[in-house]
Every structure is written in structure tokens, then in C-alpha cells.
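Thank you for making the time this morning. I would like to take you through one model, staying with what can be read from its atoms.

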Amino acid sequence: MAFDKFASSQSGEGDLTETLLPDTNNGERSVMISRRRRFGNFTVFLVLQVCCLGIYTAAFFSLMPKAGRVNLVYSPAAGAVKLEKVRFNATLVIESPYNGPPSDEVDAAWTALLDNMNIAVPKSDLDRVGTASIRIPGTDNMYFAGLSVFHELHCLKRLRQYTWKDHYFPDMSAEDERLNRLHTDHCLEILRQAAMCRADISLFTLQWSEKTTQPRADFSQEHECVNFDAIFQWAGRHRVDAGKPGLLVHPIHGPAYPDGTSSKIGATEDMSPTVIES
């Protein structure tokens, strides 16, 4: 009987599928069992693949920077990046410690904002981005560097000063005026490149008002921002005072800032070859 053959196959007398094949009446049952076995194997394979995918995904995200993005360009400050939502204040008149007519308070705010512009980094950081810098005297293989955000803020400060240039740049010679204009154009171009590099894709909207026929733009929207305080604090922990007298010493011409100050113009057309330190 078919049942007897099925029972004997269960007791170990040959493979289940091979035992049932000669019995014409049980062909369909044989196919069903074979299909079940294949389906069971496929299910196990699928579960294993899903588990592996989960492990790979978890490992990938655990190795990503804290901001959740893959950095195309290395920066030692990547671990300090924290993303947050910030709603811009974009009204026409904005109360801010960084704008308004020249004053000691405004100047102090900008000075404090740029306080951590220069930092010390090991040579290994420079090697990772394929660049070089000036070694900091008295350190164990540390070099001068800076985060680009501070250069961009410097440029914004420069543009603000240029709008009040009679106050910040009085009695300039024609040559100084020319260099000052070049420095300002340089800063405009740096900020254009920076804006296009970040390419903020936050939306702005248009609104009708009761008094004018033309729509007005509403730029006071939420933006995805890097927490600047975290970056500022990171830079502060690596800060170095590049203007300290005697710290930056040219190998040919001597101290760069003998009295701790630099030119107000801050620009030069020097295109001479780079001096390689020994």
C-alpha cells in the first residue's frame, strides 16, 4: 500500500523522493514534498540574506560620521558636526550684534566670532588631504591650519567693513585702495563659491501684502544647519594664536608679526615660489 511505502521511507530505507517516484499514484505527493523542501531551503536562504543585510547596514551607519553623511573630503572636525533645524530671522531689519553702524560692541562681536580661526593639526591630517602648512615652533610635529567656516566669516566681516570703509580704512593711498578692492572681490568670490558648494535647498515662499502690488519673499524658514557652537568649541580646543609675536617666523625674513599686528589691507599680489622649510 502507498501508506506502507511512505512509512518505510520514513524509517530510513532510502531517500523519500526516490522511494515515492516509482508509485504512479503518489507522484503528485512526491512533487509536493520536493517543492516543500525547496521552498523551505529558499526561506532559510532568504532569512539569512535579510540578517546579513541588517548587519551590513548597522555596520555602515555605525561607521558614518555623527552627522549621518559620508564625507568626501576629510576634516579632523567631522566628529564635532551636529545637525539641527534653525529658523532664519530674515526680516528686512534684523537686530544682531554683528550689524549696524561701527561701534566697539559690533567690532568686539566679530573679533570673538573669529577668535578660533587658527588651529594646530598634526601632519597626518595634512597628509590625508594632500596639502602642507607651516610647522608650529616648539611642538611635536604640529602645523598651522584653520576651518574654512572661519575664513568665510572673515570675508563677511571684511565686506561689512568695506560698506563702512571711511571708518575702517581712512586715508588710504591709491595702491592700498586698489589692494583693498582686490581683497573685497576675493571675499565676494569665496562666499559665492561657499554658497554654491553648500547649495542650501531649504524653501522660501512668496506672500501678498496689503500695501504693495508686488509679492514679497518670506525667507524666514527652517534650514538644516550645522551647530556652530559645537564647531567653535572644537576649534577652541585646538586653537593657536598665529599673531603671537615670534611664533610665526619666516625662514628668510624673520618674524611675521613682530608686534602682534598685521596690515589692515590684508592682501598681497605675491606670487613668488613657496619656501620649503627644512
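Glu 175, Arg 178 and Glu 269 are linked with one another in a network of salt bridges, and since this is a predicted model, I will ask you to take that network, and everything that follows, as computed from predicted coordinates. The structure holds eight salt bridges, and I would like to go through a few of them before turning to a helix.

In helix α8, which spans residues 174-198, Glu 189 and Arg 192 lie three residues apart, about one turn of the helix, and their side chains meet in a salt bridge with an N to O distance of 2.4 Å. With 33% relative accessibility, Glu 189 counts as partly exposed, and Arg 192, at 39%, counts as partly exposed too. An arrangement of this kind is found again in helix α5, where Asp 127 and Lys 123 are four residues apart, again about one turn, and where the closest N and O atoms of their salt bridge are 3.0 Å apart. Asp 127 is partly exposed at a relative accessible area of 46%, while Lys 123 is partly exposed at 35%. The general point behind both is that an α-helix has 3.6 residues a turn, so residues three or four places apart point the same way.

Which parts of the chain does the pair of Arg 239 and Asp 115 link? The salt bridge itself has its closest N and O atoms 3.4 Å apart, and it links distant parts of the chain, with Arg 239 in the loop between α9 and β7 and Asp 115 in the loop between α4 and β2, 124 residues apart. Arg 239 is partly exposed, at 38% relative accessibility, and Asp 115 is partly exposed at 39%.

That brings me to helix α9 itself, residues 228-237, in which Ala 230, Ile 231, Trp 234 and Ala 235 are buried. Seen down the axis of α9, these buried residues fall within an arc of 135°, so they line one face of the helix. On the other side of α9 we find Asp 229 and Arg 237, both exposed. The cover over the buried residues includes β2, α6 and β6, and at the N-terminal end of α9 there is a cap by Asn 227, with a side-chain oxygen lying 3.0 Å from the backbone nitrogen of Asp 229.

From the α6 side, consider Val 149, which is found in that helix and which, at 27% relative accessibility, counts as partly exposed. Setting aside residues up to four places away in sequence, Val 149 touches Phe 228 and Ile 231. Val 149 also lies 9.1 Å from Ala 194, C-alpha to C-alpha, although 45 residues separate the two in sequence.

Is Gln 221, in the loop between β5 and β6, buried or exposed? Its relative accessibility is 18%, and because the cut-off for buried is under 20%, Gln 221 counts as buried. Its side chain makes a polar contact of 3.4 Å with the side chain of Thr 205 and another, of 3.2 Å, with that of Asp 218. Beyond its neighbours within four places in sequence, Gln 221 is in contact with several residues, among them Val 86, Phe 88 and Leu 203.

Lastly, at the surface, Leu 72, Val 73 and Val 129 form a nonpolar patch, together offering about 340 Å² of accessible area; Val 129 belongs to helix α5 and is partly exposed, at 36% relative accessibility.

Terms used
Residues numbered from 1 in each chain as written. Predicted model: local features only at pLDDT ≥ 70, side-chain atom pairs only at ≥ 80, totals over all residues. Heavy atoms only, no water. Buried < 20%, exposed > 50% of the residue type's maximum accessible area, 1.4 Å probe, protein only. Helix = DSSP H or I, 4+ residues; strand = E, 2+ residues; numbered from the N terminus. Arc of directions from axis to C-beta. Contact = heavy atoms within 4.5 Å. Polar contact = N/O pair within 3.5 Å; in protein donor to acceptor, adjacent residues only side chain to side chain. Patch = residues over 30% accessible without salt bridge, like charges linked within 9 Å, V, L, I, M, F, W, Y side chains within 5 Å. Areas by Shrake-Rupley, 256 points an atom, 1.4 Å probe, with all protein chains shown as cover. Salt bridge = Lys/Arg side-chain N within 4 Å of Asp/Glu carboxyl O.
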